[in-house]
Amino acid sequence: MLLRHTTTEIKERKALTVNPAKTCQPIGAMYASLGIHGCLPHSHGSQGCYAYHRSALTRHYKEPVLAATSAFTEGASVFGGQANLLQAIDNMFTVYNPDVIAVHTTCLSETIGDDIPQIVNKARAEGKVPEGKYVIHTNTPSYVGSHVDGFANMTRSMVDYFSESTGHKEKTINLIPGYVEPCDMEEIRRIAGELGIRTIMFPDTSKVLNGPMTGKYRMYPEGGVTTDALKKTGDSMGTVAMGALASGPAARALDAKCKVPCEIIDLPIGLHATDMLIDTLRQVAGVNVPESLTFERGQMVDIISDMHQYFYGKRVGLVGDPDQVLALTKFLVSLDMCPAYIITGTPAGKKYEKALREVTKDVPGEVKIKVPGDMLLFHQWIKQEPVDLLIGNTYVKYIARDEDIPFIRHGFPILDRVGHSYFPTVGYRGGMRLLEKILDALLDRKDRDSTDIEFELVM
Amino acid sequence: MAKAAENSEEKFELDGMDPEKIKEELLAKYPTKVARKRAKQIIVNKVGADEEVPVIQSNVRTVPGLISQRGCCYAGCKGVVLGPTRDIVNITHGPIGCGFYSWLTRRNQTDPDTTPDGHNFMPYCFSTDMQDQQIIFGGEKKLKQAIQEAYDNFHPKAIAVFSTCPVGLIGDDVHTVCRQMKEALGINVFGFSCEGYKGVSQSAGHHIANNQIFKHVVGLDNTVGDGEYRINLLGEYNIGGDAFEIDRIFEKCGITVVSTFSGNSSIDKFANSHTADLNLIMCHRSINYVAEMMETKYGVPWIKINFIGAEATAKSLRKIARYFGEQKLTDRVEAVIAEELPAVQAASAEVRPRTEGKRAMLFVGGSRAHHYQELFNELGMETLSAGYEFAHRDDYEGRKVLPTIKVDADSRNIEELEIHPDPERYNPRKSEEDLEELRASGMEFSGYEGMMPTMKNGSLVIDDISQYETETIIETFKPDIFCAGIKEKYIVQKHGIPMKQLHSYDYGGPYAGFKGAINFYKEIDRMVNSKVWGYLKAPWQVNPELAATYAWE
């Protein structure tokens, strides 16, 4: 037993988090920044932060993750980080020549109260920012929210810094894909393409964090939204933002700043959420849905109906980021599965919790939900009454092994498998992949547990 | 002394190129001030008489904006030194990130001790998950409550608390909280002021970790256990099971390990470690402090050893035997070496035709950038360039330069414990005459020659290498293998060059000891000869001209 000190009995904890289901804001900001073409993320604080964030993202994507740091020592922590950031901006432009430097703060620089725009203005005044180059920033105190908020804040900063309204509307739709994998962003763009819609997606990490091996390293890979495209987001007809927590703030900011109306929908994970994406896009852009997408939808429905007996009534434990968890819960309910335990580490708020309760109100038995919660509590629930399937990030594998429960990896971080950055889980195709994963896990278990007599060839 | 080497006019070649010119190229892109600083950290090696080498600047601040390999003080303290101790509940006092990122990510294998009173908290992550209210009003109350809850839920023997950046800024007194909770709970509770901004790298965290372990744990249990030859192994973190392989060899030789700092370690073993008769240092940088303090307080001498590489392992075993000075042990050690070496030699003979003449570069944390050169030597591979993430000058130039190292403000902030001989327990393990005799026979105590004297003239030694420098030397030399950490791994591999992680071993290993050497030979053979490096170009990219066209009717 790897987690043998986890007791079945639950003691209330007010101060101690054990096995968190979230991490801190700056890493989310760093991930979002990587979705701008030619951008070097910069962590304004001590160097441990960027080292940890780069390591975590690298382990998840198995791809280069470049970022810089202000490398605070004790002096900077006392006197402020201005000198460090000025020097860093100079060095980054001189040595690494990015188009954009995206600065995010840490708990250290937030606590001492460094004013990033003031420092950046000073850098500009001192000639440290070359012509045509940008330094953007966002505030990401680690002691507020989670990595999801960091992602949302940096995405919103893209609007604050770049979006412009010329008064002339273009026939484009902005897509804010949410905190999803690079391949998910690509798939969302493909779906919009099938609908014949011109889009601007931001951030866009496809081709950045799932790039090819060619023998030639590019510090700024092909992908990412360009600064020109970001500027044009203010002239789009509308915005479709996926995931209220990760994408909502940017969508609303764009509406407020440039009067681009927005639709904030769930992440397109599962049948109905994908229906919603396509239907929203159709209406916002005024286009017809092509047969190709309806065909894909039908394929997905076909799999669900073919294998319904294996989904029906299965109890699932689910842990992850709020936008993902909400969409996945709806998906599971639509399959007649029973999400029994649901935890997100992000403090997503009462409204969010209410939404989860609403989705699961007809699920038989008690549905336990904790927002924010940690994985110790999640594990304790499972010890009290087990589930048939676990969905969560790599850390859940310890619980899965101890309790001998089938497990599929979804979310961040996934440190021990590949595929998540190449094969989407959004859209109908992504949904089909999720169905395959769920079935593989459940049917492998059925095969393993059946007696020689019950062992089935055809399933 | 290092002046002579510096002023030399002698020119060296490195892989058919002029290393001084390459150094110039590396510096050319930097702003003047940065170039001036980096020039002192990039050194063309030259070994003079008496192992004199040029001065290299190290343990100085990271340049903001240059992408470095380094981590922070907290990472060195919680992640490296205390992390591998299975039975301590390690609570990170701070916002959630630091605890989360150091949760199981350093690959210390541990034997989980499933006895009823054994504990293994390695798979857990404990944090106070500080929120903005604590940043404003202080986090001591929450910390106290968290320690109580950790006790109520897990009943550990000890709880350690690690301070993160904001804790230092808002002035939470973790040590007082720990003292109070120690009294209240009756178990060992101690804290570490290892805020990330302290010092200039992880190294500061190692120092802080060593100090606190020495103050709060070492010496608590005076029971002298069984075993004729009792040693501690310091600076071995059991990545990939290295410590298990070393333990296997020790057991075969009849040598008893009292405590390993801190791979596969337990707090009880730390508490008893001062009863050993000899300290062996693997990673000099992370732990020489403990050896020094243990010698001063308890009279345990220390020697530098290295179990990376079969030859190095044999040499280290012989050193230990010589220290204890008993024929019985010497014979047994020789017998073990004779028994183990043939398999190693056979493995090396098999791979060597495929590895001979290939070139390596190593840029990793503490001693690995030095030790692993031994293994590459055994494969017939040359190390063109190497350097450390967080070393001090003594790790490069040898401990003889210690008196000449200037202590700067960043190091002065780290507590230096004043240690005196223990009035009751100080017990010199060898008489001065015995020590003199051992020294005369070539045995070096409290010594470490450093990395540079063992590297070839002309090789490039680079401290705190930047991303830009990494790329430039890769482009220039196209080495056959590059060794570094996870952050560098895929950058190097996109260039089409295999990259071996020497922090996590890419989830292979062990590489220490005799069996470890065999594993490493096979691994490097696999990596430098992998077919995948031949797949980088598609056939139509290799030969884009159309040789013939199919004609349609």
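This is a conversation about a predicted model with two chains, A and B.

Biologist: What conventions and confidence limits apply to this model?

Modeller: It is a predicted model, in which local features need pLDDT of at least 70 and side-chain atom pairs count only at pLDDT 80 or more, while totals for chains, interfaces and linings use all residues. Residues are numbered from 1 along each chain as its sequence is written, chains are lettered from A and ligands numbered from 1 in the order in which they are written, and side-chain values use heavy atoms, with hydrogens and water left out.

Biologist: What makes the radius of gyration of chain B agree with that of a compact globule?

Modeller: The radius is taken over C-alpha atoms, and the globule rule is 2.2 Å times the number of residues to the power 0.38. For the 553 residues of chain B the rule gives a value near 24 Å, and the chain has 25 Å, so the two agree. Chain A, with 459 residues, has 23 Å against an expected value near 23 Å, which agrees as well. Along the principal axes, the C-alpha atoms fill a box of roughly 90 × 65 × 60 Å in chain B and one of roughly 80 × 55 × 45 Å in chain A.

Biologist: Why is Arg399(B) called buried?

Modeller: Buried means under 20% relative accessible area, exposed means over 50%, and partly exposed lies in between, with a 1.4 Å probe and protein chains only. Arg399(B) has 11%, and is therefore buried. This arginine is found in the loop between helix 17 (393–397) and helix 18 (409–412) of chain B, where helices (H or I, at least four residues) and strands (E, at least two) are DSSP runs numbered from the N terminus. Leaving aside neighbours within four places in sequence, the contacts of Arg399(B), meaning heavy atoms within 4.5 Å, include Glu292(B), Trp302(B), Asp394(B) and Tyr448(B).

Biologist: How do you know that helix 4 of chain B is largely enclosed by the rest of the structure?

Modeller: Ten of the ten residues of this helix, residues 73–82, are buried, so the helix is largely enclosed. Among them are Cys73(B), Tyr74(B), Cys77(B) and Lys78(B). In the whole of chain B, 62% of the 553 residues count as buried, and in chain A the share is 63% of 459 residues.

Biologist: What makes strand 1 of chain A and strand 3 of chain B a pair?

Modeller: Two strands pair if DSSP finds at least two bridges between them. Two bridges join strand 1 of chain A to strand 3 (residues 126–127) of chain B, and the strands run antiparallel, so the definition is met. Val18(A) stands opposite Phe126(B) there. The pair belongs to an open sheet of five strands in the order 1(A)-3(B)-2(B)-4(B)-5(B), with mixed pairing. Its edge strands are strand 1 (17–18) of chain A and strand 5 (188–192) of chain B, each of which pairs on one side only.

Biologist: How do you know that both faces of strand 13 of chain A are covered?

Modeller: Leu389(A) and Ile391(A) on one side, and Leu390(A) and Gly392(A) on the other, are all buried. Strand 13 of chain A also runs parallel to strand 10 (residues 315–319) of chain A, joined by three bridges, with Val316(A) opposite Leu389(A). Three bridges likewise pair strand 13 with strand 14 (residues 407–409) of chain A in the parallel sense, and there Ile408(A) is the bridge partner of Ile391(A).
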